[in-house]
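Here is a look through one chain, going from a single residue out to the whole. Keep the view open and follow along.

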Amino acid sequence: MSASAIPPIQVALVEDDADLRDATVQTLTLEGVEVVAFADARAALGWLDADFPGVVVSDVRMPGIDGIAFFAALREIDRDLPVILTTGHGDVAMAVAAMKNGAADFLTKPYASADLIRAVRAASERRALALENRRLREEAGRNVGLAIPGSSPAAQRLRSVIEGVARSEIDVVLTGPAGTGKSYGARLIHDFSPRRSRPFVTVDAGVLAHEDAELLLFGRDPGAGQLSRTGLIERANGGTLFLDDIAAARGVLTTRLVSLIEKREVWPLGAATARRLNIRIIIARLAEQPQDSLRDPAWHRLGAVQIAFPPLADRREDVPEIFRLFVARHARDAGVSAPTIGESHWRHVQSHDWPGNLHELSGYARAVVLGLAEIEGPASPLTGQRPLHAIVADFERTVLEDALRQCRGDIAQLQAMLQTPRKTIYDKLAKYDLKPARFRE
């Protein structure tokens with residue numbers, strides 16, 4: 001962005017002394033600051049809102065609502081709104097107390113113009129950062145829908161729970177069969193959380209079962225007389241620690257992990273004292289592991305929200321959409337155009353049970369992209385576990401979705417492409433809740 005494109009700093013000035021108010025407006029304006037001035041706090045409160053992108057500069061001693069009460073009211077509007085208080089010598093203690101409660105700065109009258117400009121610029125930078133972080137959080141919330149595809153009740157429920165949990169600081173236990181996306185879900189929770197800019201550290205079964213697991217996890221203090229090493233757990237400080245398949249831990253390691261979960265402390269090998277950590281913990285465990293299993297003693301001590309990741313067999317209507325996304329991703333990674341998905345491929349996608357869930361579906365999509373589907377993923381015969389009408393309906397819906405995408409929701413083109421009467425087209429679209437407008441974007 002060029003210097004000319006940088007928006008000017010904005011200031012809301014609240015000062016009951018008319019002469020000082022005019023002089024301050026002139027000082028700030030000469031520095032390129034946009035100023036809106038008010039003679040009292042009540043008028044300013046009627047104008048300010050949580051979207052104000054600038055800084056508030058307010059006197060403390062004012063009739064009606066004084067500066068401290070004004071600051072408290074602004075905190076109710078937006079706790080991130082920076083407020084600079086200007087005070088007389090007798091109000092310094094009051095201003096210091098306000099700073100402890102979140103005020104951006106205070107200046108003692110008479111203050112130098114340079115000090116005011118410095119304080120305003122610093123507060124403006126903090127305001128810009130706060131608003132950008134807010135925008136990213138809101139965008140993250142919107143992107144949950146893009147990150148978890150599917151229209152099934154199970155997919156909608158998963159999106160809703162992840163979006164809600166991500167905003168909080170609560171720990172999480174993820175359950176579900178292998179390949180249902182628990183690792184992906186853990187990363188989503190971190191990426192959509194206030195901790196997104198901090199570390200995300202995964203500890204998987206390979207680490208937990210390693211012969212040097214304690215050293216890898218907890219690290220080694222210089223006091224041990226050997227080369228010091230920061231453990232994986234401590235590297236997650238300030239961010240998220242994901243324990244993938246905690247049941248792989250054994251013996252003493254299990255006890256130490258339980259202690260970590262309960263106390264949020266890490267004790268490196270050779271250290272004289274424990275180190276306090278600020279971490280969010282996410283645990284993944286297989287759905288078939290009983291909750292009271294001795295192999296998984298830590299999950300119930302977490303005091304966490306539990307999120308169940310359903311197998312693809314429970315969200316069959318989502319399989320075509322997920323398959324399309326996998327095909328597009330693998331084609332992009334391979335640097336090739338996404339292939340046309342043939343009838344035999346769709347038959348396999350719709351009729352197969354996908355016991356390997358997302359891992360297996362992704363593997364089949366890669367095979368289709370590379371032209372190896374007949375070798376690595378031949379269409380499976382009907383298993384008899386699903387009624388014929390359900391399989392036919394799934395296939396019919398998939399054909400309609402593909403055709404709608406190709407003709408961008410144009411009904412006339414759709415009718416010609418499928419060589420089907422218009423009334424029948426509309427009946428089928430209504431049956432499968434397919435709205436042409438969605439495909440015109």
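Thr24 is found in helix α1, and this is a predicted model, so treat the picture accordingly. With a relative accessible area of 6%, Thr24 is buried, because that value is under the 20% cut-off. Which residues is Thr24 in contact with, once its neighbours within four places in sequence are left aside? They are Leu13, Tyr111 and Leu116.

Two of those partners turn up again around a void. Leu13 and Tyr111 help line the largest cavity, and so does Thr24 itself. The rest of that lining is Val14, Glu15, Leu20, Val57, Ser58, Asp59 and Thr86. There's about 30 Å³ of space in there, and the count of cavities of 30 Å³ or more comes to one. β1 (10-14), α1 (18-30) and β3 (55-59) each supply at least two residues of the lining, with β3 giving the most, three residues. By class, you get five nonpolar, three polar and two charged residues around this cavity.

Val14 and Ser58 from that lining also touch Phe70. Phe70 lies in helix α3 (residues 67-77), and at 0% relative accessibility it counts as buried. Not counting residues up to four places away in sequence, Phe70 also touches Ala41, Ala44, Leu45, Leu48, Val56 and Ile65. Take Ala41: Phe70 and Ala41 are 29 residues apart along the chain, and their C-alpha atoms are separated by 6.2 Å.

Now for the open space. The largest pocket holds about 680 Å³. Which of its 31 lining residues are the closest to its centre? Thr180, Gly181, Lys182, Tyr184 and Leu358 are. The elements that give two or more residues to this lining are α5 (113-147), α6 (153-167), α7 (182-191), β11, α12 (319-334) and α14 (357-369). Of these, α12 has the largest share, at six residues. Sorted by class, the pocket lining has 17 nonpolar, seven polar and seven charged residues.

Here are the two spaces side by side.

| Space | Volume | Nonpolar lining residues | Polar lining residues | Charged lining residues |
|---|---|---|---|---|
| Largest pocket | about 680 Å³ | 17 residues | seven residues | seven residues |
| Largest cavity | about 30 Å³ | five residues | three residues | two residues |

β11 also has a part in the largest nonpolar core. That core has 26 residues, and Val203, Leu208, Leu217, Ile233, Leu241, Leu253 and Leu257 touch the most other members. β7 (200-203), α8 (205-208), α9 (213-218), α10 (232-235), β8 (240-244), α11 (251-263) and β11 (280-286) each supply at least two residues of this core. Leu217 makes a good place to zoom in. Leaving aside its neighbours within four places in sequence, Leu217 is in contact with Val203, Val207, Leu208, Gly231, Leu232, Ile233, Glu234, Leu253 and Leu257.

Next, some backbone oddities. Most residues other than glycine have a negative phi, and most peptide bonds are trans. Where does the chain depart from that?

Arg264 is one such place: it has a positive phi of about 55 degrees although it is not a glycine. Arg264 sits in the loop between α11 and β9 (265-266). Is Arg264 buried or exposed? At 14% relative accessibility, Arg264 counts as buried.

Trp354 is another non-glycine with a positive phi, of about 50 degrees. Trp354 lies in the loop between α13 (343-351) and α14, and at 2% relative accessibility Trp354 counts as buried too.

Then there's the peptide bond from Lys109 to Pro110, which is cis, with omega near -10 degrees. Pro110 is in the loop between β5 (105-108) and α5.

Finally, zoom all the way out. The chain has 18 helices and twelve strands, and buried residues make up 45% of its 441 residues. Among contacts with a separation of 6 or more, residues 24 or more positions apart account for 68%. The accessible surface comes to about 22,400 Å², with 54% of that belonging to carbon and sulfur atoms.

Definitions and conventions: Residues are numbered from 1 along each chain as its sequence is written. This is a predicted model: local features need pLDDT of at least 70, side-chain atom pairs count only at pLDDT 80 or more; totals for chains, interfaces and linings use all residues. Side-chain values use heavy atoms; hydrogens and water are left out. Helices (H or I, at least four residues) and strands (E, at least two) are DSSP runs, numbered from the N terminus. Buried means under 20% relative accessible area, exposed over 50%, partly exposed in between (1.4 Å probe, protein chains only). Contact means heavy atoms within 4.5 Å. Accessible areas come from the Shrake-Rupley method with a 1.4 Å probe; for residues, only the protein chains shown count as cover. A nonpolar core is a set of buried Ala, Val, Leu, Ile, Met, Phe, Trp, Tyr and Cys residues joined through side-chain atoms within 4.5 Å. On a 1 Å grid over the protein atoms alone, a cavity is a set of points where a 1.4 Å probe fits but cannot get out, and a pocket is an open set with protein on both sides within 12 Å along at least five of seven lines; lining residues have an atom within 4 Å of a point. Grid points are joined across faces, edges and corners, and a volume is the space filled by probe spheres set on the points. Ala, Val, Leu, Ile, Met, Phe, Trp, Tyr, Cys and Pro count as nonpolar, Asp, Glu, Lys and Arg as charged, and the others, Gly among them, as polar.
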